[in-house]
Amino acid sequence: MPAKGTLFIISAPSGAGKTSLVKVLCEDNVSLRTSVSFTTRSIRPGEENGVHYHFVNHDDFEAMLERSEFLESANVFGNYYGTSQVWVEEQLNSGTDVILEIDWQGALQVRKLIPDSVSIFILPPSRQALEERLNGRGQDDAEVIAKRMAQAKDEMSHYSEFEYLVINDDFNVALSELRTIITAQRLRARYQHQQANNLIKELLS
């Protein structure tokens with residue numbers, strides 16, 4: 001049986017670069033997958049259903065809630081977001097590591113259900129940089145960006161609840177730090193014992 005995978009929870013305020021970092025992180029690591037959340041928000045230009053999100057209507061999402069299909073869920077700016085519990089458990093049981101990109105409230109829910117998960121928080125280098133990144137997207141008007149900045153302040157106040165803190169000033173440095181965290185987790189004795197069971201038996205025989 002393969003060693004059970006690790007669940008990595010990554011949280012950050014909108015605009016901190018979390019999604020871009022996770023995308024590259026998963027592209028060069030075949031045993032690491034990111035969970036695709038369900039959402040009721042409208043699809044944005046360049047997004048693809050089933051790749052960026054599973055886009056569903058409010059009625060379907062609420063029906064899934066009633067069936068307890070989500071590991072965690074949240075309402076953000078009037079839109080629902082949720083993580084499929086079945087999919088996450090299937091991946092972990094097959095030995096695949098999984099990344100959840102969720103907010104601090106979702107992270108709190110998940111850590112209660114899966115206490116051996118690893119939590120990481122990503123901070124921007126400054127409030128100015130965060131606002132510039134949000135404006136640079138060209139997707140939201142000034143009112144929405146103001147709301148996101150206010151939400152970001154609240155989100156960032158919870159950084160100390162996470163095990164690891166990464167500051168995304170230089171993208172490549174932040175990416176390297178995330179890779180280091182994942183490698184360190186895979187080298188923990190519990191994980192290595194399962195992965196190298198036959199070698200350990202031979203060495204101790």
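In the predicted model, the side chains of Arg67 and Glu69 form a salt bridge with an N to O distance of 2.4 Å. Arg67 is exposed, its relative accessible area being 51%, while Glu69 is partly exposed at 28%. Ser68 sits in the loop between α2 (58–66) and β5 (70–76). The phi angle of Ser68 is near 55°, a positive value in a residue other than glycine. Ser68 is also exposed, because its relative accessible area of 57% is over the 50% cut-off for that class.

Across the whole structure, 6 salt bridges were found. One of them joins the side chains of Lys23 and Glu27, with 2.6 Å from N to O. Both residues belong to helix α1 (residues 18–27), where they are 4 residues apart and therefore separated by about one helical turn. Lys23 has a relative accessibility of 53% and so counts as exposed. Glu27, at 55%, likewise counts as exposed. A further salt bridge links the side chains of Arg41 and Glu47, with an N to O distance of 2.7 Å. In this pair, both residues are buried, which means that each has under 20% relative accessible area. In general, side chains of opposite charge can pair when their charged atoms come close.

The second largest pocket has a volume of about 170 Å³. Its lining is made up of Cys26, Leu32, Arg33, Thr34, Ser35, Val36, Phe38, His54, Ser84 and Trp87. Strand β2 (residues 32–34) makes the largest contribution to this lining, with 3 residues. Sorted by class, the lining comprises 5 nonpolar, 4 polar and 1 charged residues. The charged residue is Arg33, and the nonpolar ones are Cys26, Leu32, Val36, Phe38 and Trp87. The polar group consists of Thr34, Ser35, His54 and Ser84.

On the surface, a nonpolar patch is formed by Tyr159, Leu165 and Ile167. Together these residues have about 270 Å² of accessible area. Ile167 is located in strand β9, which covers residues 164–167. The relative accessibility of Ile167 is 46%, so this residue counts as partly exposed. That value is also over the 30% relative accessible area required of patch residues.

Notes:
Residues numbered from 1 in each chain as written. Predicted model: local features only at pLDDT ≥ 70, side-chain atom pairs only at ≥ 80, totals over all residues. Heavy atoms only, no water. Patch = residues over 30% accessible without salt bridge, like charges linked within 9 Å, V, L, I, M, F, W, Y side chains within 5 Å. Areas by Shrake-Rupley, 256 points an atom, 1.4 Å probe, with all protein chains shown as cover. Salt bridge = Lys/Arg side-chain N within 4 Å of Asp/Glu carboxyl O. Helix = DSSP H or I, 4+ residues; strand = E, 2+ residues; numbered from the N terminus. Buried < 20%, exposed > 50% of the residue type's maximum accessible area, 1.4 Å probe, protein only. 1 Å grid on protein atoms, 1.4 Å probe; cavity = no way out; pocket = protein on both sides within 12 Å on 5 of 7 lines; lining within 4 Å. Points joined across faces, edges and corners; volume = space filled by probe spheres on them.
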